[in-house]
Amino acid sequence: MYEGFKESLTFWLVKMRIIRSSPVDSVSAESTRARKVFQDAENELNRLKAEREQKEADILDIFDVAVFGREGEWKKLDGKCLEKESGE
């Protein structure tokens with residue numbers, strides 16, 4: 001209970017600029033920043049991994065005989081609409 005009161009009192013005294021923060025606070029702030037940078041880097045890595053997996057799946061689809069032909073020759077028509085008029 002004492003520690004909680006002490007931390008709360010110290011926080012408010014620093015906030016009101018009555019006392020300066022201790023070096024322990026600056027270490028804590030730096031570790032918080034380092035943790036944030038690490039989490040950002042980890043999120044970016046996970047995003048890139050997911051993107052890579054999607055592109056690998058797309059490549060496998062291109063060379064799937066049932067999807068785009070034996071050598072992927074029909075890939076260029078993917079997403080295109082073709083029409084042919086045959087008269088009446």
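**Reasoning behind the assignments in a predicted model**

Me: Which residues form the nonpolar patch on the surface, and how much accessible area do they have together?
Reply: In this predicted model, the nonpolar surface patch is formed by F11, W12, M16, I18 and I19, whose accessible area together is about 540 Å².

Me: What makes F11 and W12 eligible for a patch, given their relative accessibility?
Reply: A patch residue needs over 30% relative accessible area. F11 stands at 46% and W12 at 45%, so each passes that cut-off.

Me: Is F11 called buried, partly exposed or exposed, and why?
Reply: The class of partly exposed lies between 20% and 50%. F11, at 46%, therefore counts as partly exposed. The value of 45% puts W12 in the partly exposed class as well.

Me: Why is I18 placed in its accessibility class?
Reply: Exposed means over 50%. I18 has 56% relative accessibility and therefore counts as exposed. This residue is in the loop between α1 (2-15) and α2 (23-62).

Me: How many aromatic pairs are there, and what makes the rings of F11 and W12 a pair of their kind?
Reply: The count is 1 aromatic pair. The ring centres of F11 and W12 are 5.2 Å apart, which satisfies the limit of within 6.5 Å. Their planes stand at 80°, and because an angle over 60 degrees counts as edge-to-face, the pair is given that name.

Me: How do you know that the span of α1 is close to what is expected?
Reply: Helix α1 has 14 residues, and the distance from its first C-alpha to its last is 20 Å. The expected span, at 1.5 Å a residue, is 20 Å. Just after α1, R17 has a positive phi of about 60°.

Me: What makes the contact of D40 with K36 a salt bridge?
Reply: The closest N and O atoms of D40 and K36 are 3.0 Å apart, so the requirement of within 4 Å is met. This is one of 5 salt bridges in the structure. Both residues lie in helix α2, 4 residues apart, which is about one turn of the helix. D40, at 38%, is partly exposed, and K36, at 47%, is also partly exposed.

Me: Why can residues three or four places apart in an α-helix point the same way?
Reply: An α-helix has 3.6 residues a turn, so residues at that spacing point the same way.

Me: How do you know that R47 and E44 form a salt bridge, and what is their separation in helix α2?
Reply: Their closest N and O atoms are 2.6 Å apart, and the cut-off is 4 Å, so the contact qualifies. R47 and E44 are 3 residues apart in α2, about one helical turn. With 43% for R47 and 36% for E44, each is partly exposed. Both also belong to a network of salt bridges that links E44, R47, E51 and K55.

Me: What makes R52 exposed, and in which class is E56?
Reply: R52 has a relative accessible area of 51%, and because exposed means over 50%, R52 is exposed. E56 has 39% and is partly exposed. The side chains of R52 and E56 meet in a salt bridge of 3.1 Å, N to O. Both lie in helix α2, 4 residues apart.

Me: What is the mean pLDDT of the protein, and which elements have the lowest and highest means?
Reply: The mean pLDDT is 82, and 93% of the residues reach 70 or more. Among the elements, helix α3 (residues 65-68) has the lowest mean, 72, and α2 the highest, 86.

Conventions
Residues are numbered from 1 along each chain as its sequence is written. Side-chain values use heavy atoms; hydrogens and water are left out. Rings of Phe, Tyr and Trp (its six-membered ring) pair if their centres lie within 6.5 Å; planes under 30 degrees apart count as stacked, over 60 as edge-to-face and the rest as tilted. Buried means under 20% relative accessible area, exposed over 50%, partly exposed in between (1.4 Å probe, protein chains only). Patches are made of residues with over 30% relative accessible area and no salt bridge: like charges are joined within 9 Å, nonpolar side chains (Val, Leu, Ile, Met, Phe, Trp, Tyr) within 5 Å. Accessible areas come from the Shrake-Rupley method with a 1.4 Å probe; for residues, only the protein chains shown count as cover. Helices (H or I, at least four residues) and strands (E, at least two) are DSSP runs, numbered from the N terminus. The expected span of a helix is 1.5 Å times one less than its number of residues. pLDDT is the predictor's confidence in each residue, from 0 to 100.
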